[in-house]
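The following exercises concern side-chain contacts, backbone angles and solvent exposure. Each task is followed by a solution in steps.

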Amino acid sequence: MTEFISANLPYLLAGISVGGQYALIAIGYTMVYGILRLINFAHGDIFTVAAYCMVYMNATMPLYISLPLTIVFTVALGLAVERVAYKPLRDAPRMSIMISAIGVSYLLQNLMWYVTGGLAQQYPTIPWISSTISIYTATTKMVTLVTPVLTLVLVVLLVQLIKHTKIGMAMRAVSRDFETSRLMGIKINGVISVTFAIGSFLAAVGSMLYFSNYTAVTPTAGAMPGLKAFVAAVFGGIGSIPGAVIGAFIIGIAENIIKALGWTAFSDAFTFALLIVILIFKPTGLFGEAVHEKV
Amino acid sequence: MSLLNVRDLQVSYGGIEALKGITFKVDRGQIVTLIGANGAGKSTTLRAISGLVPVRTGSINFDGREITSLDTSSIVKEGIVMVPEGRRVFPNLSVLENLKIGAYLRRDQAEITAATEYVYERFPILRERHWQLAGTLSGGEQQMLAVGRALMARPRLIMMDEPSLGLAPLVVREIFSIIHRLRDEGITILLIEQNANAALRAADYGYVLESGSITIEGAGQDLLNNQKVRDAYLGQARKRKVPAGAMPLPKES
């Protein structure tokens, strides 16, 4: 028994950790979907830009400046993408805005190739969370423990914000009915901006945790975690925040269980197989509400 | 000076003229109704006043202020609140939250609490169900919630779009008694109805809208007696009133 635990504990810890990182990205997908019915394909790339931002800023600035600045820049980028690529299409068919999102995704990726030359960059070491610790038999980085805790704290704060504040109430109202929300005096563009700001903020935090673990930053480094977070959001029931978080942890842990079984090559395939199975048997996901078209 | 003055209002949707220059006014403390068939432009009129659809030409003046080009949020702030067609309560919010969101632009917590109390007094059922999701209420209760939500903004003008639509006759009567009560409390009401009979009985003044133009106007009672209005919009009411073999109705005065 102890042997079993000692053999598998590192995988479980890695699963919980990467699950938390997926969760932080997945919330951005699910919140934007909840309010705009849009899969924000650029979200994974915003996550990557946040990593580059940290790499370059940390080269010239101390951490206590580069870290908050990275967050600010990522939030600003999320807001800018919304303003430039999605807001003008507010009344357009949903397909147009989706294509616009794919366009932004490629634009960001190619900008990163252009600016960085595409070579892998070393993510800076963030003190404390990059330090090595041993838990029982597992030797890992502090970030492995920090991630799930920080994720849960942020999720609880976010849920409180949505349930108990005025802006949260407005977000729930806007997600259901744009026009009636307007008639209440709500400025829906402001509410949508807040949604993108929150999503980008969490993506920036997720990026710091993720790349503290997987330290090579390339222009496509965020594509895979982005896609997996998207699968997590669908698995949990897109539009549902608890769903996205639970889905992300399940996917993160399951992936690492598969690695523990020695099938590392199939761990990514598993995630996407899961997406197909979910879409066939329960398209609304674990906690998704039945599809209701906006009137 | 009237509370609301609409002059030569024109609205078009994608090349179709929905309103072809209508002029009407709503006097303070009155119930004014717009009646007309489906697609005559009644809802468009309200949506234009609320700033939900762009106005092509014409002017909308509220209490001496030009509001034609304001956005919806500013128009609500001016004191014009709409109770939309089909009630449109937020089904995923509780009854209390629906009321609170009606007071979205108000800042003073004490005033909001007082307003909630004011609405609860008028609609005790809402107090009873304040914790329930609004989507679980019956149609009549949802309509009361929609009216209560509008009152939370402390409006000077309430615009109601088909408040009786899809409700049982008994509930319709209740909704109209509420409308009367609101008027008695000094709130001005602009009412849109397909149920022309009930609307004209309730209204101080009425306008008949026909494919984007106002064709007849007059005091509610006068319109009820107007032969053209009776023929076009009160068909059933006449059938009910005139028993077989009775004398024909007197011509309009």
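**Exercise 1: A salt bridge between two loops**

In this predicted model, B:R28 and B:D63 form a salt bridge in which the closest N and O atoms are 3.1 Å apart. Determine which parts of the chain this pair links, and classify the exposure of B:R28.

Step 1. B:R28 is in the loop between β2 (16-26) and β3 (31-35) of chain B, and B:D63 is in the loop between β4 (57-62) and β5 (65-66) of chain B. The two residues are 35 residues apart, and the pair links distant parts of the chain.

Step 2. B:R28 has a relative accessible area of 47%, so it is partly exposed. B:D63, at 30%, is partly exposed as well.

Step 3. For context, the salt bridges over all chains number 20.

**Exercise 2: B:E141 and its partner**

Identify the residue with which B:E141 forms a salt bridge, and decide whether B:E141 is buried or exposed.

Step 1. The partner is B:R129, with the closest N and O atoms 3.3 Å apart.

Step 2. Because B:E141 lies in helix α6 of chain B while B:R129 is in the loop between α5 (124-128) and α6 of chain B, the pair ties together parts that are 12 residues apart in sequence.

Step 3. The relative accessible area of B:E141 is 13%; buried means under 20%, so B:E141 is buried. B:R129, at 25% relative accessibility, counts as partly exposed.

**Exercise 3: The contacts of B:R122**

State what the charged end of B:R122 sits over, and which residue forms a salt bridge with B:R122.

Step 1. The charged end of B:R122 sits over the ring of B:Y118, 3.7 Å from its centre.

Step 2. B:R122 also forms a salt bridge with B:E121, whose closest approach between N and O atoms is 4.0 Å. B:E121 itself is exposed, with a relative accessible area of 55%.

Step 3. A charge over a ring also occurs between chains: the charged end of A:K166 sits over the ring of B:Y104, 5.0 Å from its centre.

**Exercise 4: An aromatic pair in chain A**

Over all chains there are 11 aromatic pairs. Classify the pair formed by A:F47 and A:Y210, and locate both residues.

Step 1. The ring centres are 5.6 Å apart and the planes lie at 65°. Planes over 60 degrees apart count as edge-to-face, so the pair of A:F47 and A:Y210 is edge-to-face.

Step 2. A:F47 belongs to helix α2 (residues 43-60) of chain A and A:Y210 to helix α8 (residues 188-213) of chain A; the pair links distant parts of the chain, 163 residues apart.

Step 3. Both A:F47 and A:Y210 are buried. Ring pairs link these two with A:Y123, A:F211 and A:Y214 into a cluster.

**Exercise 5: Positive phi angles**

Describe where A:R37 and B:R154 are placed, and compare their exposure.

Step 1. Most residues other than glycine have a negative phi. A:R37, although not a glycine, has a positive phi of about 55°, and phi of B:R154 is near 50°.

Step 2. A:R37 is in the loop between α1 and α2 of chain A, whereas B:R154 is in the loop between α6 (139-151) and β7 (157-161) of chain B.

Step 3. A:R37 is buried, with a relative accessible area of 14%, while B:R154 is exposed at 52%.

Terms used: Residues are numbered from 1 along each chain as its sequence is written. Chains are lettered from A and ligands numbered from 1 in the order in which they are written. This is a predicted model: local features need pLDDT of at least 70, side-chain atom pairs count only at pLDDT 80 or more; totals for chains, interfaces and linings use all residues. Side-chain values use heavy atoms; hydrogens and water are left out. Rings of Phe, Tyr and Trp (its six-membered ring) pair if their centres lie within 6.5 Å; planes under 30 degrees apart count as stacked, over 60 as edge-to-face and the rest as tilted. Helices (H or I, at least four residues) and strands (E, at least two) are DSSP runs, numbered from the N terminus. Buried means under 20% relative accessible area, exposed over 50%, partly exposed in between (1.4 Å probe, protein chains only). A charge sits over a ring if NZ of Lys or CZ of Arg is within 6 Å of the ring centre and within 35 degrees of the ring normal. A salt bridge is a side-chain nitrogen of Lys or Arg within 4 Å of a carboxyl oxygen of Asp or Glu.
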